[in-house]
Amino acid sequence: MTDDAPETLRAGAVTLDDVAREAGVSLATASRALNGSTRKVADSYRERVEAAAARLGYTANLSAQATARGTSAIIALLVADIADPYFGQIASGVARGADEAGLIVTVAITERDPEREVRLVRALRGQRPRGLILAASRSASEFTRELAAEVDMLAAAGGRVVVLGGGVDGVRSITVDNRGGARALGAAVADRGYRRALVLAAAEGTVTSDDRVGGFVDGFTAGGGDAPAMLRGTFTRESGYELMRRALAEGVETGTVVFGISDVVAIGALAALREAGREVGSDIALAGFDDIPTGRDVTPALTTVRIPLDEVGYQAFHAATDAQWQPADDPLRLEVLLRESTPARS
């Protein structure tokens, strides 16, 4: 604030009018420079307005903006578990897009609970988000009538909804070829000489898990492997650990390859294998899915399928904000990464 600013301005809340006067521009120009207008402001004016706003300590009234526009400068992202690096990398991509557009990301955690997800969408609807991204894996039946109604009301209020994985009529989606990636992984480990497999999956009916399980089974058996054994739990590290312990108690032969439906599940299985004194790689092979950074750092490094998760989040952001967005003709490309956890068998 300049030294000769009026005492009332120092004492009271700073308004956009104050910023415009401080910058020597019109109120409309100040508004366009600070409030994310689609009308471009010359860099020289924008810099003056931003400098004036910083000097005065001006903060935009997001509630007022939302009322005036019908939507706020908020992108809402719903994830199942923020501690899971899978969702963290997706959130990073969403945040990258929001930063470029001058928007704010609000993250909420569903804990894989459909009723909690409905409550969160209802609460977020009151913030009038510009876009809502539903990133948590779900069963086909979990997009309930109640959730669909909340999504419809948000869309009617001007927000745009995006679902990762798709499968919901009338809602934009970002598609990942989980089945194709898992099929390629199953074929690749069969080509390395594995004939027995154990799959650590989520509950039947969970779309992402079903796609990965089906793809892996197809690729592994087509490559000469036997039909894999199956244990079901959740997408968590704890589930991978407990399922692997159960399998080991029943007996797992040397030369078996264990496929965890996510890297997090596979890393839980790795802990159980080590605890039981089994050697990962030469004794029991292990593979995951997603290519989270931790999978590259464990010993032995984890064979997996790479999803460009940051790009998934970035594309989801644009699907939630760009009026002219169109889905890609092909799903995002996935890549099988064969590492030391699945050495070739002689």
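**Helix 10 and its surroundings**

Just after helix 10, in this predicted model, G224 adopts a positive phi of about 110 degrees. The exercises below work backwards from that point into the helix and then outwards to the core.

**Exercise 1.** Determine whether the end-to-end distance of helix 10 agrees with the span expected at 1.5 Å a residue.

*Solution.* Helix 10 covers residues 207-222. Its 16 residues should span 22 Å at 1.5 Å a residue, and because the end C-alpha atoms are 22 Å apart, the two values agree.

**Exercise 2.** Identify the buried residues of helix 10 and the elements against which they pack.

*Solution.* Taking under 20% relative accessible area as the cut-off for burial, one finds T208, S209, R212, V213, G214, G215, F216, G219 and F220. These buried residues pack against helix 6 (85-101) and helix 9, and also against strand 6 (196-202), strand 7 (229-233) and strand 8 (256-260).

**Exercise 3.** Describe the packing of helix 9 with helix 10, beginning with the geometry of their axes.

*Solution.* The axes of helix 9 (residues 178-191) and helix 10 come within 6 Å and cross at roughly 35 degrees, and the crossing is right-handed. On the helix 9 side the contacting residues include R179, A182, R183 and G186, while those of helix 10 include D211, R212, G215 and F216. Sorted by class, this contact comprises seven nonpolar, six polar and six charged residues.

**Exercise 4.** Place F216 within the largest nonpolar core.

*Solution.* F216 is one of the residues that touch the most other members of this 73-residue core, together with I133, I174, L200, M244 and I261. Helix 12 (residues 263-275) gives the most to the core, with eight residues. A second, separate core has 15 residues, among them V121, L134, V163 and V171.

Terms used. Residues numbered from 1 in each chain as written. Predicted model: local features only at pLDDT ≥ 70, side-chain atom pairs only at ≥ 80, totals over all residues. Heavy atoms only, no water. Core = buried A, V, L, I, M, F, W, Y, C linked by side-chain atoms within 4.5 Å. Buried < 20%, exposed > 50% of the residue type's maximum accessible area, 1.4 Å probe, protein only. Helix = DSSP H or I, 4+ residues; strand = E, 2+ residues; numbered from the N terminus. Axes fitted to C-alpha atoms, helices over the stretch in contact; angles between N-to-C directions. Left-handed = near helix turned anticlockwise from the far one by under 90°. Contact = heavy atoms within 4.5 Å. Nonpolar A, V, L, I, M, F, W, Y, C, P; charged D, E, K, R; others polar. Expected span 1.5 Å × (residues − 1).
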